[in-house]
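Here are two short exercises to work through with the model open beside you. Try each task before you read its solution.

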Amino acid sequence: MHVLTLNETDFAEHCRRLDALARSFNADLVVTIATGGDKVGIYMLPEVPHISISSHRPSTDTKKRHARILACVRRLPLPVRNIMRKAEAVIVEHRINNATPHKINLDSETTARIAPAQRLLIVDDAVDSGATLAGVIDAISALDGKRKIASAVLTVTTRNPLIRPTYALFDNRTLIRFPWSLDMSHKTNSND
């Protein structure tokens, strides 16, 4: 397990590399998973229409409740923050055994925008349990099983997620500290 810290410049470069990988799919619609996927999606197939799908993850509520504590974490030395990241990843990996795809409800506007598309690329920042990506794919597949769907993420952080993306820059348990991550120090300017 490795922690990779990406500043804005590095993040953009990694997204462009993911874009280059996924271009061979020839998507006619990019579906980003809010909010990390939206940030990656900015760099993905800019000439193709994009839509965003929200998925309320339980972990988001926990992080919001502990925002003040997490703000203090930013001040810790990088090696300590990396140890904390790895510990969190081990906990997530143990919970995967009980994971099920998230239930995603597509509103009528989203459904209408997806309807004409035949080749969809679903984009997110990372796959941990895979529950969100699996839920989005299930929801879109339920609309029309004939549609071709591929997925692209920067990293797969666990050994056995519910679903593996079609394209991933890292599929080796690389943990990425994104520019917006709660444990990102504004003093961090380069990769670990």
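**Exercise 1: a helix and its two sides**

Keep in mind that this is a predicted model. Task: find which exposed residues α5 carries on the face turned away from its buried side, and work out how its buried residues are arranged around the axis.

Solution. Start with the extent of the helix: α5 covers residues 78-95, 18 residues in total, and spans 26 Å from its first C-alpha to its last, close to the 26 Å expected at 1.5 Å a residue. Next, pick out the buried positions, which are R81, N82, R85, A89 and E93. Looking down the axis of α5, these buried residues fall within an arc of 115°, so they line one face of the helix. Finally, turn to the face directed away from that buried side, where you will find the exposed residues I83, H94 and R95.

**Exercise 2: charged pairs**

Task: say how far apart the closest N and O atoms are in the salt bridge of R177 with D183, and whether R177 is buried or exposed. Then look at two other pairs.

Solution. In the R177 and D183 pair, the closest N and O atoms are 3.1 Å apart. Both R177 and D183 are buried.

Now take D171 and R164, whose closest N and O atoms lie 2.6 Å apart. D171 is partly exposed at 43% relative accessibility, and R164 is partly exposed at 39%.

Last comes the salt bridge between D19 and R23, at 2.9 Å from N to O. Here D19 is buried, with a relative accessible area of 9%, while R23 is partly exposed at 34%. Through shared partners, salt bridges join D19, R23 and E47 into one network.

Note on methods: Residues are numbered from 1 along each chain as its sequence is written. This is a predicted model: local features need pLDDT of at least 70, side-chain atom pairs count only at pLDDT 80 or more; totals for chains, interfaces and linings use all residues. Side-chain values use heavy atoms; hydrogens and water are left out. Helices (H or I, at least four residues) and strands (E, at least two) are DSSP runs, numbered from the N terminus. The expected span of a helix is 1.5 Å times one less than its number of residues. Buried means under 20% relative accessible area, exposed over 50%, partly exposed in between (1.4 Å probe, protein chains only). The arc is that of the directions from the helix axis to the C-beta atoms. A salt bridge is a side-chain nitrogen of Lys or Arg within 4 Å of a carboxyl oxygen of Asp or Glu.
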